Each structure stands twice: as structure tokens, then as C-alpha cells.
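Here are a few short exercises to work through with the model open beside you. Try each task on your own before reading its solution.

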Amino acid sequence: MTDEQIYESDKRDYLPVFARYQIVLDHGEGVYVYDTHGKKYVDFLGGIAVNVLGHNHPALVKAVAEQAGKMIHCSNLYYTQVQADAAEKLTKLSGFGKVFFGNSGAEANEGAIKVARKYAHTISPDKSQIITALHSFHGRTLATLTATGQPKYQEGFGPLPAGFDYVEYNNIEALEKMMSENTAAVMLEPIQGEGGVHVPTAEYLKKVRALCDKYNAVLIFDEIQTGIGRSGEFFAYDKFGVKPDVVTLAKGLAGGVPIGAFITSDKIADVLHAGDHGSTFGGNPLACAAADVVLATVGNEAFLKHVEEMGDYMKSRLEAIKAKFPTLVKEVRGVGLILGMEINKPGRDIVNACLEKGSIINCTAGNVLRFVPPLIVEKEHIDEVCDILEAVLPAYVD
Ligand SMILES: *Cc1c(COP(=O)(O)O)cnc(C)c1O
């Protein structure tokens with residue numbers, strides 16, 4: 001098929017829910033992807049924070065190919081070593097709890113909400129309130145859509161599950177006012193990704209922890225975007241020195257093979273019994289073989305230090321760009337390799353102009369350019385993306 005035929009097929013055969021860019025991608029290598037004409041792009045979206053080891057990573061490809069040749073799937077009614085290995089690596093990295101594997105971020109959050117409710121209901125039948133933040137993003141299933149504090153995603157899909165309330169992010173008084181003995185859980189992203197790369201203060205997250213302890217509410221951190229080394233710590237919560245009771249992961253966890261996971265403290269895990277939760281595909285051998293490679297690679301000090309260094313370098317380049325275009329760029333935010341640049345107008349045209357010049361970035365919350373590249377990026381790649389951005393921006397200064 002030609003590109004035009006693919007666009008036509010998509011229009012005819014695929015649900016029109018994605019505002020796609022007009023390129024057809026063919027393959028990738030490291031931090032680069034190539035379209036069907038062989039044009040090369042430096043990829044600073046990384047499949048939306050998924051391709052943490054970049055594209056065509058030798059160890060990841062080898063593990064997936066070998067596992068595919070051995071056994072792609074078997075039911076969770078049986079044990080496999082690859083699943084045991086992946087779960088052990090995760091509990092070692094978190095330092096607490098028990099793991100459950102699903103297939104996506106939304107599914108990980110669904111599981112987290114379920115265990116929090118089940119735990120809370122062992123204390124009181126009225127303890128069911130789930131508090132989340134405005135501008136949060138937690139997924140597209142009905143419960144996670146309801147958890148997502150953005151009405152635009154919810155409109156038309158009601159009735160939504162009951163028991164969800166929303167508070168302003170990084171505002172401890174607002175949370176304190178809303179919490180009571182009937183709060184089952186507080187669910188937050190340690191850094192809001194989709195909502196525009198918002199970093200809260202450590203003090204706020206510490207006070208959230210204290211409030212959850214006071215009311216015996218479950219603290220859930222959604223680390224689907226911020227986890228797997230992206231912040232420069234394996235879990236972003238370690239940047240802030242605050243441990244949750246439940247943490248959810250997905251995106252980067254298996255480097256691109258669909259997977260999701262939640263880790264829950266033993267105290268909460270104890271309320272679950274055989275039959276209380278499940279998944280046909282979740283944690284299957286193929287996904288776990290991929291996760292094993294990612295966890296072994298990302299979960300070490302030297303790798304995380306690299307992420308931190310590259311993040312610092314990129315942030316300083318973005319700050320320099322802000323200084324050069326003070327009327328266009330409002331703010332640069334983020335830690336490690338989750339960075340955002342807020343501009344004073346819609347960002348989609350800038351994203352398209354960068355694409356034209358061979359750089360893939362994206363725009364979230366309308367006017368925040370977001371950078372979530374593979375974690376294996378080097379300075380030369382950061383320079384490439386920043387040079388292109390710097391060349392593109394003058395056309396957008398008023
Ligand atoms: C992407 C994302 C999700 C949803 O993950 P899916 O795999 O698309 O279901 C949930 N929470 C956060 C913070 C995310 O970034």
C-alpha cells in the first residue's frame with residue numbers, strides 16, 4: 001500500500017479516535033524511527049514514554065524472539081519462571097509488596113482501585129470515596145475515565161461509576177477539606193504527565209501521605225508514565241521520598257510489549273483471595289520476558305544516573321531556548337526525562353513543523369510541548385531535537 005492508500009484505509013476501516021500525524025512509520029533503530037520513504041526522525045516521544053530502551057534494542061529483541069519460540073502464552077493457572085523473575089525484580093526495586101500483571105495502564109489502575117476499595121470495605125461499608133486530582137490522567141476504561149479529573153474525557157459516557165471526587169493538584173488544604181474516615185483512597189500521579197508535566201512539591205506529597213495515614217486511606221501513585229526510571233529514580237516517588245501503598249506501572253515496563261502492573265503493600269494484598277481479581281493475558285511469558293530485560297537494564301544505578309544527567313542537560317537546553325524566546329515560552333518543567341515546555345499558544349503546529357524537520361515530539365494539554373524520549377538518549381540526540389526546535393520557533397513568535 002502507498003501512504004495515501006493507508007490513510008484511506010484508516011479513514012474507512014479504523015475508529016476515528018486518534019488525531020494522527022501524516023506519516024507512516026516503518027521501523028526504528030535506537031533513538032531513531034524511519035518512515036516508509038526512509039526519512040529519519042529522532043524520536044523524543046518514544047511511543048509516549050514506552051520505548052525506554054529505544055527501538056530494536058538487541059537484548060530486548062533477543063529475549064522476545066527466544067520466548068516467542070518457546071511459549072508465547074500460558075494461563076495464569078500455571079507458574080512460569082519469567083513471571084516469577086519479573087515480579088521478584090519489581091518487589092526488589094519497590095522494596096515492598098506484591099505484584100499483579102495486567103495488559104495496560106488503565107487496567108493496572110482498575111486493579112489498584114479495586115484493591116483499595118476491597119481493603120477499605122474491610123474497615124467500613126461506607127469507606128468507598130476515591131479522591132483524584134484535577135487535570136490528572138488515569139486511563140480510558142469507565143472507572144479510570146472517572147478517576148481522570150478532566151471532564152472533556154468523560155462527556156457522553158455516563159452514568160459513570162460513583163464515589164469519585166476531585167481536588168486541585170499540589171494543594172494540601174483542598175485535599176484536607178475533602179478527606180474523612182470514608183475516604184478509601186487518594187490516587188495521584190507523582191508528576192502529572194498528560195495534564196501538562198506538573199511537578200508537585202515534596203512537602204505536598206509528604207502531607208498527602210500523612211493525611212492518608214490519619215484516615216487509613218490507601219495512597220495510590222499512578223507511575224504509569226513517571227515510573228521505570230523516567231525521573232532519574234526507578235520510581236518517581238523516590239525523588240520525593242514518599243512511599244505509596246499501591247503503585248501502578250505500564251508504559252515503559254516491557255519496552256513496548258503491552259503490559260501493566262500494580263504493586264500493593266502486603267497489608268492490602270492480604271484482603272485478596274483466589275478469584276478476587278484476574279486476567280487472561282496479564283503477565284504472560286512474552287510480556288514478562290520483555291519486562292525482565294527492561295527491569296534488569298533500567299533498574300541499576302548507572303543507568304538511572306544517565307537518565308538524570310541527560311534530563312539535566314536537556315532541561316538546561318530548554319531553559320536556554322526559553323530565554324531566547326521569552327514572549328513565546330512561558331515555562332520549562334519536569335525532572336529527568338519527562339520534560340515539558342509551556343508556550344503561549346496551541347502547540348500542534350510547532351509539533352508538525354518539528355516533524356517536517358525530522359524530530360518527533362508531542363503536545364499535551366493543548367500548549368505544552370512534551371519530551372519523553374527513550375531513556376538511552378545521548379547529548380547528541382538532545383542537541384538534534386533542541387536545534388530543530390530552536391530553528392522552528394521564530395515563526396511562532398508574535
Ligand atoms: C498512559 C497513562 C495511563 C493509561 O495507560 P493505557 O496503557 O493507555 O491504558 C494511565 N495513567 C497515566 C499516568 C498515563 O500516563
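**Exercise 1.** In which helix do Lys 62 and Glu 66 lie, and how many residues apart are they?

*Solution.* Keep in mind that this is a predicted model. Start by locating the two residues: both Lys 62 and Glu 66 belong to helix H3 (residues 58-70). Next, look at their spacing, which is 4 residues, or about one turn of the helix. Finally, check the side chains: the closest N and O atoms of Lys 62 and Glu 66 are 3.5 Å apart, and the two form a salt bridge. The cut-off for such a pair is 4 Å. With this rule, the count reaches 21 salt bridges.

**Exercise 2.** Find the salt-bridge partners of Arg 317 in helix H15, and work out which network they belong to.

*Solution.* Begin with Asp 383, which forms a salt bridge with Arg 317, the closest N and O atoms being 3.0 Å apart. Asp 383 sits in helix H15 (residues 379-392) and Arg 317 in helix H13 (residues 301-324), so this pair ties together parts that are 66 residues apart in sequence. Now compare the exposure of each partner. Asp 383 has a relative accessible area of 22% and is partly exposed. Arg 317 counts as buried because its relative accessibility is 15%, with the limit for buried set at under 20%.

The second partner is Glu 390, whose side chain meets that of Arg 317 in a salt bridge (2.8 Å, N to O). This pair also links distant parts of the chain, with Arg 317 in helix H13 and Glu 390 in helix H15, 73 residues apart. To finish, follow the shared partners: salt bridges join Arg 317, Lys 324, Asp 383, Asp 387 and Glu 390 into one network.

**Exercise 3.** Describe the surroundings of the ligand, from its polar contacts to the residues of its shell.

*Solution.* First, take the backbone. An oxygen atom of the ligand is 2.8 Å from a polar backbone atom of Gly 105, and a ligand oxygen is also 2.8 Å from a polar backbone atom of Ala 106. Then turn to the side chains, where an N or O atom of Lys 251 is 2.6 Å from an oxygen atom of the ligand. As for cover, the ligand taken alone exposes 380 Å², and the protein buries 81% of that.

Next, list the residues around the ligand; among them are Ser 104, Asn 109, Phe 137, His 138, Glu 189 and Asp 222. Sort the shell by type: 3 residues are nonpolar, 6 polar and 3 charged. Last, ask which element gives the largest share of the shell. That is helix H5 (residues 105-123), with 3 residues.

Definitions and conventions
Residues numbered from 1 in each chain as written. Predicted model: local features only at pLDDT ≥ 70, side-chain atom pairs only at ≥ 80, totals over all residues. Heavy atoms only, no water. Near = heavy atom within 4 Å. Polar contact = N/O pair within 3.5 Å; in protein donor to acceptor, adjacent residues only side chain to side chain. Areas by Shrake-Rupley, 256 points an atom, 1.4 Å probe, with all protein chains shown as cover. Nonpolar A, V, L, I, M, F, W, Y, C, P; charged D, E, K, R; others polar. Buried < 20%, exposed > 50% of the residue type's maximum accessible area, 1.4 Å probe, protein only.
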